[in-house]
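Hi,

Here is the structure I promised to pass on. Could you have a look at it before reading my notes below?

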Amino acid sequence: MNPDTDTPDTGNPDDAAAVTSHTPSRPIVIAANRLPVMRTDEGWVPSPGGLVRALLPMLRTTGGTWVGWSGDSSAAIDPFHVDGVDLRPVPISAEEVELYYEGFSNDGLWPLYHDALRESTYDSSQWDAYVAVNERFAVELASAAPPNAVVWIHDYQLQLVPKMLRELRTDVTIGFFLHIPFPPYELFSRLPWRTEIVEGLLGCDLLGFQRPMGTSNFITAAQQLLNVDAHHDVIENPDHRTRVGAFPISIDVADVEEMAAGRATRQRMSQIRARLGDPEVILLGVDRLDYTKGIGLRLKAFAALLESGQLDPERHVMVQVATPTREAVEHYQDERHQIERLVGEINGRYSRIGLPVIHYLYQSLPFDELIALYRAGDVMLVTPFRDGMNLVAKEYAAAHIDGDGVLVLSEFAGAADELTDAVLVNPHDDEALQQAIITAGEMHRRERRERREGLRNQIRKSDVQGWADRFLGVMIASADARDAAND
Ligand code: G6P
């Protein structure tokens with residue numbers, strides 16, 4: 001696969017020459033809020049998720065390093081190794097978890113960056129903790145990075161790190177990828193520390209977003225706030241250039257396909273269908289329990305269709321998996337209460353003994369169980385109000401190696417740029433959402449199959465390894481060019 005020709009245009013004309021192999025030629029250091037491992041009874045094991053699966057093998061071959069939080073603020077953890085990868089825990093105190101993680105990152109930036117779907121908290125003690133934790137990451141990176149390394153920083157929790165690191169180390173090449181949307185200037189400009197955030201990100205040599213819209217929103221913010229010169233995908237800073245572009249993330253397609261094709265998965269899928277009472281149509285939702293995901297809206301659309309008789313509780317069953325997340329943040333507690341009240345109301349009205357019409361799981365399910373659920377789901381509902389990418393949509397597309405499943409996908413998920421064979425919908429429009437569910441449920445078999453094949457072809461064109469190769473390829477090419485200019 002040549003990821004470069006297959007993924008949407010980044011606006012970087014010389015990407016093709018820049019793509020690297022799976023073993024980059026320079027030392028790589030990754031920084032993310034969380035380390036890529038979890039502590040279990042058997043010790044530290046890699047965390048689930050495509051990002052970790054794409055980047056860990058690369059770090060293993062280059063002897064690379066990952067800097068991040070262990071998720072545990074009760075004890076300081078010394079650097080350690082897992083599978084040959086150097087892991088450097090950054091300590092975060094219980095108070096900082098409240099101020100930097102739950103507060104500034106998840107109660108300030110997260111809602112603002114997602115269309116201001118909830119009110120953000122702007123609090124200077126939270127900001128101070130954000131600065132302090134970002135500074136700690138920068139200092140750790142400066143000490144961990146070998147000479148001339150490529151340092152790749154991830155996501156909204158660490159937006160100040162690029163500038164801080166550049167001040168400490170001029171030899172390293174710095175990249176940043178934002179996994180969530182970058183908002184339009186009208187929203188972003190509400191942030192009291194908007195200039196500091198843009199300055200922080202401009203410390204990069206390469207700055208990546210999920211969608212072209214994120215790139216243009218960022219360029220507008222930089223022009224408005226700092227009056228920078230921007231030509232196409234390059235922003236001029238006094239001492240360096242920042243390239244910006246869209247690099248849509250993906251999943252480990254081969255891994256999902258392999259799991260989906262396994263015998264155990266097929267057996268589990270049949271078992272799930274039988275346990276649900278062998279309904280004609282299983283509607284499925286799989287999300288972190290986050291107010292950006294539109295879970296309540298989807299439940300209401302289901303209820304309205306049962307009420308109008310367009311769906312029949314004897315034939316249609318919904319399964320909603322809601323993975324617990326950020327439970328200490330009030331907006332998340334409110335969202336959970338609303339969803340659980342709705343599930344109770346709908347089940348109370350339409351269920352029969354032993355056959356609830358909604359099966360609601362507030363749990364984190366193992367990967368194999370999710371894949372079996374994807375295979376069992378006839379209509380997959382991915383209806384966020386706003387989402388950077390949405391990898392569940394991509395996993396569903398990859399897991400449907402056969403069968404007649406249809407994906408209903410919000411236009412406001414980054415995945416909608418690529419998965420054009422889904423039934424695309426504006427989730428703010430109740431009637432359109434209900435219609436999309438009916439269209440998907442009643443779709444002619446031939447069209448389902450054509451769309452399924454279309455989705456599989458689309459998803460196979462861009463997997464997470466290709467995404468990482470492309471991003472690192474551009475960074476390494478720019479590091480090489482800088483070295484050549486200095487020779
Ligand atoms: C989103 C963010 C990630 C974050 C993940 C889980 O995907 O982009 O940065 O790690 O949610 O959230 P959590 O707060 O549990 O790390």
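Let's start with the second largest pocket: α16 gives its lining the largest share, four residues. Keep in mind that this is a predicted model, where local features need pLDDT of at least 70 and side-chain atom pairs pLDDT 80 or more, while totals for chains, interfaces and linings use all residues. Residue numbers start from 1 along each chain as its sequence is written, and side-chain values use heavy atoms, without hydrogens or water.

**The pocket**

A pocket here is an open set of points on a 1 Å grid over the protein atoms alone, where a 1.4 Å probe fits and protein lies on both sides within 12 Å along at least five of seven lines; lining residues have an atom within 4 Å of a point. This one has 24 lining residues, and Glu280, Val281, Asp378, Gly441 and Arg448 are the ones nearest its centre. At least two lining residues come from each of α11 (263-275), β13 (281-288), α14 (367-376), α16 (430-442) and α17 (445-460). Those labels are DSSP runs numbered from the N terminus: helices (H or I) of at least four residues and strands (E) of at least two. By type, the lining has nine charged residues, eight nonpolar and seven polar. Charged means Asp, Glu, Lys and Arg; nonpolar means Ala, Val, Leu, Ile, Met, Phe, Trp, Tyr, Cys and Pro; the others, Gly among them, are polar.

**The ligand**

Which residues surround the ligand? They are Arg34, Tyr101, Asp155, Tyr156, Gln157, His179, Ile180, Arg288 and Arg326, each with a heavy atom within 4 Å of it. Four residues of this shell are charged, three are nonpolar and two are polar. Some side chains place an N or O atom at a short listed distance from a ligand oxygen: 2.8 Å for Arg34, 2.9 Å for Arg326 and 3.2 Å for Gln157.

Arg288, one of the shell residues, sits in strand β13. It is partly exposed because its relative accessibility is 25%, between the cut-offs for buried (under 20%) and exposed (over 50%; 1.4 Å probe, protein chains only). Val67 is 221 residues from Arg288 along the chain, and their C-alpha atoms are 24 Å apart.

**A few single residues**

Asp290 is in the loop that runs between β13 and α12 (295-307). Is Asp290 buried or exposed? With a relative accessible area of 0%, Asp290 is buried. Its side chain makes a polar contact of 2.9 Å with that of Thr292 (a pair of N or O atoms within 3.5 Å, one able to donate a hydrogen and the other to accept it; sequence neighbours count only through side-chain atoms).

Next, backbone angles: most residues other than glycine have a negative phi. His232 has a positive one of about 50 degrees, and Asn390 has one near 85 degrees. His232 lies in the loop between β10 (229-231) and β11 (234-236) and is exposed, at 77% relative accessibility. Asn390 belongs to the loop between β16 (379-382) and α15 (391-399), and this residue is buried, at 7%.

Lastly, Leu424 is part of strand β18 (residues 423-425) and is partly exposed, at 36%. Its C-alpha is 10 Å from that of Ala440, which is 16 residues away in sequence.

Cheers
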